[in-house]
Amino acid sequence: GDKNIINYLNSIKNSGNGEYDFQFGWVSNEDIKTLMKANTIVILPYDEATQSGVIPLAKSFGANIIATPVGALREQLGNYKNGRVSAGVSADNIGQEIIKLID
């Protein structure tokens, strides 16, 4: 997206809670399988969307998915057992779902 996320990245990196690898840009077909297998949670923090091609892709790898309640993301997740929809689009809403999932 076009959001300035530097402040968020700095907060996460300085939190001391785990190891993070941030990658930005287009993901090639060759890298998708490696990235999906290396991640246990796929977060879709959209503040606007209609649908996302990431959802069926993440589902095909059995990933845990957290999406925001915009567009048809909820409908795309359907009854997927590893899918969650946050209460809103704020970082706090998404964070609460991450904590629930980890707990």
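This note goes through the fold, one strand pair with its helix, a loop residue and the salt bridges of a predicted model.

1. Overall make-up. The model is a prediction, and the protein in it has five helices and three strands. Read from the N terminus, these elements follow the order α-α-β-α-β-α-β-α, and the chain comprises 103 residues, of which 21% are buried. Among contacts between residues at least 6 apart in sequence, 23% join residues at least 24 apart. The protein exposes about 7500 Å², and carbon and sulfur atoms account for 49% of that area.

2. The β-α-β unit. Strand 1, helix 3 and strand 2 together form a β-α-β unit that is right-handed. Within this unit, strand 1 and strand 2 (residues 64-67) run parallel and are joined by four bridges. One position in this pairing can be named, since Val42 stands opposite Ile65 of strand 2.

3. The two faces of strand 1. In a regular strand, side chains alternate between the two faces of the sheet. Strand 1 (residues 41-44) shows such an alternation, with Val42 and Leu44 pointing to one face, where they are buried, and with Ile41 and Ile43 pointing to the other face, where they are not buried.

4. Val54 and strand 1. Which residues does Val54 contact, once its neighbours within four places in sequence are left aside? The contacts are with Val42, Leu44 and Tyr46, and two of these, Val42 and Leu44, are the buried residues on one face of strand 1. Val54 itself is found in helix 3 (residues 54-60), and with a relative accessible area of 28% it is partly exposed. For Ile43, which points to the other face of the strand, the C-alpha atom is 9.6 Å from that of Val54, the two residues being eleven apart along the chain.

5. Thr68 in its loop. Thr68 lies in the loop between strand 2 and helix 4 (73-77), and despite this loop position it is buried, because its relative accessible area is 0%, below the 20% cut-off for burial. Apart from neighbours within four places in sequence, Thr68 is in contact with Leu44, Pro45, Tyr46, Leu73, Val85, Ser86, Gly88, Val89 and Ile94. Leu44 and Tyr46, which are in this list, are also contacts of Val54.

6. Salt bridges. Side chains of opposite charge can pair when their charged atoms come close. How many salt bridges does a search of the whole structure find? The search finds two. In one of them Arg84 pairs with Glu97, and the closest N and O atoms are 3.2 Å apart. This pair links distant parts of the chain, as Arg84 is in strand 3 (residues 83-85) and Glu97 is in helix 5 (residues 91-102), 13 residues apart. The other bridge joins the side chains of Glu97 and Lys100, again with an N to O distance of 3.2 Å. These two residues are three apart in helix 5, so about one helical turn separates them. Because the salt bridges share partners, Arg84, Glu97 and Lys100 are joined into one network.

7. Exposure within the network. Is Glu97 buried or exposed? Glu97 counts as buried, at 9% relative accessibility, whereas both of its partners are partly exposed, Arg84 with a relative accessible area of 27% and Lys100 with one of 47%.

Notes
Residues are numbered from 1 along each chain as its sequence is written. This is a predicted model: local features need pLDDT of at least 70, side-chain atom pairs count only at pLDDT 80 or more; totals for chains, interfaces and linings use all residues. Side-chain values use heavy atoms; hydrogens and water are left out. Buried means under 20% relative accessible area, exposed over 50%, partly exposed in between (1.4 Å probe, protein chains only). Contact means heavy atoms within 4.5 Å. Accessible areas come from the Shrake-Rupley method with a 1.4 Å probe; for residues, only the protein chains shown count as cover. A salt bridge is a side-chain nitrogen of Lys or Arg within 4 Å of a carboxyl oxygen of Asp or Glu. Two strands pair if DSSP finds at least two bridges between them. A crossover is right-handed if, with the strands pointing away from the viewer, the path from the first strand over the helix to the second runs clockwise.
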